[in-house]
Structure formats: structure tokens, C-alpha cells
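Here are my notes after a pass through the model you sent over. Have it open while you read, and shout if anything looks off.

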Amino acid sequence: MKKPVLERPVLLDVQGITRLYGPAKGCEAIDFQLHAGEVLGIVGESGSGKSTLLRVLAGLEAPDAGQVLYRRQADDAGGEDAELDLYAIGEARRRALLRLEWGLVHQNPRDGLRMGVSAGANIGERLMAQGQRHYGQLRASGQAWMRQVELDPGRIDDAPRTFSGGMQQRLQIARTLVTRPRLVFMDEPTGGLDVSVQARLLDMLRTLVRQLGLSVVLVTHDLAVARLLAHRLLVMRRGQVVETGLTDQILDDPQHEYTQLLVSSVLTP
Amino acid sequence: MNGYNFAYLDEQTKRMIRRALLKAVAIPGYQVPFGGREMPMPYGWGTGGVQLTASILGADDILKVIDQGADDTTNAVSIRHFFQRVAGVETTTATTAADVIQTRHRIPETPLRAGQILVFQVPIPEPLRFIEPSEQETRLMHALEEYGVMHVKLYEDIARYGHIATTYAYPVKVDGRYVMDPSPIPKFDNPKLDGNPALMLFGAGREKRLYAIPPYTRVESLDFEDHPFEVQRWEHACALCGSDHSYLDEVITDDQGGRMFVCSDTDYCQSRRGEVA
């Protein structure tokens, strides 16, 4: 196994993010850094604030306090600011960033896909938003990406609603990754799938993350998913981070009592 | 006619609509909300167009009303009669003689001249509506020029039919900025929008939106590099006037399968026949 490079640049710098809907509802004073090429898992029980945190990070919901700083490589920024404060830049730039450099994979593929148009149009949408206007090329990249996510390219003209749940999730992943985003947010990408489909999807995700050098923030309540994909873990409870560390370290030697409870409550067949 | 203000609407309403029209002309293709009034006709019959016509009509203007290109169909006749009664303006069927032309579904074949105003009746003003049901979101998309989804529809057409199958209400980009629905005109008429010397106003009564294309404005139809924009063609010429370059309607003549192709623009067809005869 390749040893991790320790000097990876920081891609996302999260400082004191607070978004509360009520006392202990939401997330409070979250700090962390995400390095380039890293997969960060956020785990915790339902209602612990993981999804709220993800929504704030992904630019969908403004925080009550705190900053989300996105650091681009100087050569990527193309003369623009190398550091962007997600909620200080204008809405136009934020939406452009979400569309072009970031990606979001929803738990329910129906939230992330356009169910009324074909699989090919779904994959091509982000490319068309970037200004690609060549039908042949759009179609070719649609087919290439369907192959990447292990879907039959022959079904490029079928509507997503004729796909199974696992296939829809693959399609959503293809649709998100087609513009080669640097940073991807995933909200329970394997939720609602049966275990064998889940295993294949995870396997594919792991390959893609490695091949494309993606940085991922992954929200899940499933510790097995976290162990497979995440390099580092953030354990959340009642809106606060109670423990952070390398995945294996946290899962094998949990320090905080809540993490211990979480790890010990995993069912093993 | 007693009991009515000139051209039916009261002066305050006309002033409000004219103000909105000025804004629409200043921002080509941008949908301006206006306080649409109830008109003595059902929505879908051209209430938006009628309100616009009522607010711009002057006592010495000559009005022409067409419906699907024809001057003698129900919608055209009733709106023409309406303005004859409530404004007492002169009406015509000749495109060249008209100052204001209210239209549903067509742009006249005879080229328009500077100084003429074409008023369109629009059912659904929002070109993004088919893919985004939220008004808040579509306005934001217009504001931020997020028009990628327009091509999703065209892509879908090609994937399904092998060519762009949208034949009417074909989306256009006005002056390089706003994507606009040119009302349900056939895409045959889209090239006539580009650089037209006449002022073109669009009114949607139910949705209470109006927008405009000022004279000599650049209007491009959206397309793909390898599937460029094309207009409809016919293998026939008009059975009445012999025109081979106008938009043709297929008319069923009997129940034995008999049919003929004729110009949808009745005034154009008649004037051509007059010249030939």
C-alpha cells in the first residue's frame, strides 16, 4: 500500500461553522481541514448534525457563524484569488463553483437526477452548463462515463426511472464526476441499497476516488462504509465533533465514550 | 363607444403597462412582471397581447390582427372587432398598411418595416419552465445566465428523434444575454426575429409577464455545433399562390384523403394572387 504524502495542501479549511435550528439541533463550532486527495468521513447517529454540516460545506445553506475557505492551487485558479471564502463571494460565483469545480451526490438519486430526461442528458448537463455545444462529443463522454460506473452504455437513451436504485446511484455519480470536480460531497451514497449492490458501489467509488485523485467529504451513519472509503473520520454527536482521527485508529481504538458506543453497536453477522 | 375608456383599459393601467414596456425594451428578452387586468375574454385567448395592444394603440393607428397567420379566424376576428368597438380605430388585413399588428403564432411573411409594432400573445413566457418548476429558481437562473439546461432539452430531442424536434416556441438568445421563449411561433419564423426593423412586444396575460425585442436586435436560435438550427421545408408550393418560400398549412379538403398546402399567412397569399392575376 502506498504511504500517504504528508505534505498535501489544504483544500478546504472549515473554521468555526455553526448552524443551529435550536439548542443542539444542527451543528456547532466545527473546525477541520480537508487536504487534497483525502476522503474525510463524517459519522454519527441520526440527528447529530452531519447532514446540516454537509449542506453548509456544499454551499446550500449559509452558516450562522464561521467560514468555509476553499483553497485552489495557483495554477488552477487562473489568475483569480487562490483562496475563496464560500459565503463571502457572490451567489453567482458560488453557484459557478458548485457547478464546475465541486460535486454533490445526494442520498436519494431522485434528488440529484433529472428523472424526466435520458441518462445521456443527465450526464451531459454539467458539460452543457460549461458551454460544450457538440452533440457527438457530449454523447461520447456520456457513454464513456456510463462504462466507468459500470452501466451498460447501450442504455444511454433510457430514462433514469427505468433504472434500479443502484443503477440510478451510479448514474448520479457519473453525472457529478463528468466535469472532473476536485471536491465531491457525498451524503449517504449507499443508503437505501441492499448489501451486495452496496458493496459493488463502494468498490467502484473507491476505484474512482483513487483514479481521479478526488477529495471527498462523505457523510454516513454506516461505519463499514466509512472504514472502506474514508481516510480520516469526524465523529459527531448533538451537533458537535466529539472525536477525530485516522479511520482505523478511531474504529479500532475509540477514545470517546460515544464513539465506543457507536463502534460497539455495529452488528456483525 | 359610451361607457368605456379609449381602448377599454383605464389610463392608469395603460400607463403602468407602458412603463413595464419601456423596461422590457431597455432589457431585451427580460421578462417584466406587470399587473395584468381581467379582460372580457378567457385566458389563453390573447389577454396579454390585448392588454399590450390597448396600451400602445393611438386613435389614428391602423390595427391588424392575425391568428395562425390568418386574418379571418375566430381569435383574429373577435379581437379586431373588440378594438373596433372600444377604440374605434381603423383596421386592416394588409401587413404593409398596419401600424400595430397583434399576432398569435406567426410573424407575417411580408417583411416588416421600421415604425411597425408586432404584439405577440404568449401562453408560457418562461423558456426554463419545462425543466424547472420554481419561479424563484428560474429567475435566479436568468440572473446568473445559467442556461445549460436549455441544451438538455435539445439534446433530448436529438437522442430521441435524431434531430432537434422542437418546431415551435424554439428558444432564442436575445442580444447575447437572455434566453427567451418567442411564443409559439413556428421555428420557421425564428430567423425573422433577428435584426428585425419592427419593435416586437410579447404579452402573457395569465402569467402577467411582458418582454420585448427592440428593432435591429441580435436574436440567435440555440443549437449544437454538429446539429445546427434549421427551419421547416415543404416539398409543395402553395396551392393558391404558388409560393415556395412561405410557411404552409396542410388543409384537408374532403374525407377521401384529399388535401392541399396553402400559405398560413392569408394576406400574403392574397396579395401574391392579386399580383399574378
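1. Let's begin with the aromatics in chain B: Tyr4(B), Tyr8(B), Phe82(B) and Phe83(B) come together as one aromatic cluster. Bear in mind throughout that this is a predicted model. Over all chains, the tally of aromatic pairs is 14.

2. One of those pairs deserves a look in the viewer. The ring centres of Tyr135(A) and Phe224(B) are 6.0 Å apart with the planes at 65°, and since anything over 60 degrees goes down as edge-to-face, that is what we call this pair. The two rings belong to two chains: Tyr135(A) is in helix α6 (residues 135-148) of chain A, while Phe224(B) sits in the loop between β10 (219-221) and β11 (248-252) of chain B. Buried or exposed, Tyr135(A) and Phe224(B)? Both are buried.

3. Two rings in chain B also have a charge for company. Lys153(B) places its charged end over the ring of Phe130(B), 5.5 Å from the centre. Arg177(B) does the equivalent with Tyr178(B), lying over the face at 4.2 Å from the ring centre.

4. Now to helix α5 of chain A (residues 119-129). Of its 11 residues, 10 are buried, so the rest of the structure largely encloses this helix. The buried set runs through Ala119(A), Gly120(A), Ala121(A), Asn122(A), Ile123(A), Gly124(A), Glu125(A), Arg126(A), Leu127(A) and Met128(A); note that Glu125(A) and Arg126(A) are on that list.

5. What covers the buried residues of α5(A)? The cover includes α3 (91-100), β6 (102-105), α6 and α7 (165-177) from chain A, and also α5 (148-161) from chain B. Following α5(A) comes Gly131(A), with a positive phi near 105°.

6. The packing of α5(A) against α5(B) merits its own point. Their axes approach within 8 Å and cross at roughly 140°, and the crossing is right-handed. On the α5(A) side the contact uses Gly120(A), Ala121(A), Glu125(A), Met128(A) and Ala129(A); α5(B) brings Gly148(B), Val149(B), His151(B), Val152(B), Tyr155(B) and Glu156(B). Sorted by class, this contact has 6 nonpolar, 3 polar and 2 charged residues.

7. Chain B has a mostly covered helix too: α2 (residues 47-56), where 9 of the 10 residues are buried. Those are Thr47(B), Gly48(B), Gly49(B), Val50(B), Gln51(B), Leu52(B), Thr53(B), Ala54(B) and Ser55(B).

8. Back in chain A, have a look at Leu97(A) in helix α3. Why does Leu97(A) count as buried? Its relative accessibility is 5%, and the cut-off for buried is under 20%. Leaving aside residues up to four places away in sequence, Leu97(A) touches Tyr70(A), Leu84(A), Leu86(A) and Trp102(A). For Leu97(A) and Leu84(A), which are 13 residues apart along the chain, the C-alpha separation is 9.9 Å.

9. Last one: Thr217(B), in the loop between β9 (209-213) and β10 of chain B. Thr217(B) has a relative accessible area of 7%, so this loop residue is buried. Which residues does Thr217(B) touch, not counting those up to four places away in sequence? They are Pro28(B), Val174(B), Asp175(B), Leu193(B), Asp194(B) and Gly195(B).

How values were computed. Residues numbered from 1 in each chain as written. Chains lettered and ligands numbered in written order. Predicted model: local features only at pLDDT ≥ 70, side-chain atom pairs only at ≥ 80, totals over all residues. Heavy atoms only, no water. Phe/Tyr/Trp six-rings, centres within 6.5 Å; stacked < 30°, edge-to-face > 60°. Helix = DSSP H or I, 4+ residues; strand = E, 2+ residues; numbered from the N terminus. Buried < 20%, exposed > 50% of the residue type's maximum accessible area, 1.4 Å probe, protein only. Lys NZ or Arg CZ within 6 Å of the ring centre and 35° of its normal. Contact = heavy atoms within 4.5 Å. Axes fitted to C-alpha atoms, helices over the stretch in contact; angles between N-to-C directions. Left-handed = near helix turned anticlockwise from the far one by under 90°. Nonpolar A, V, L, I, M, F, W, Y, C, P; charged D, E, K, R; others polar.
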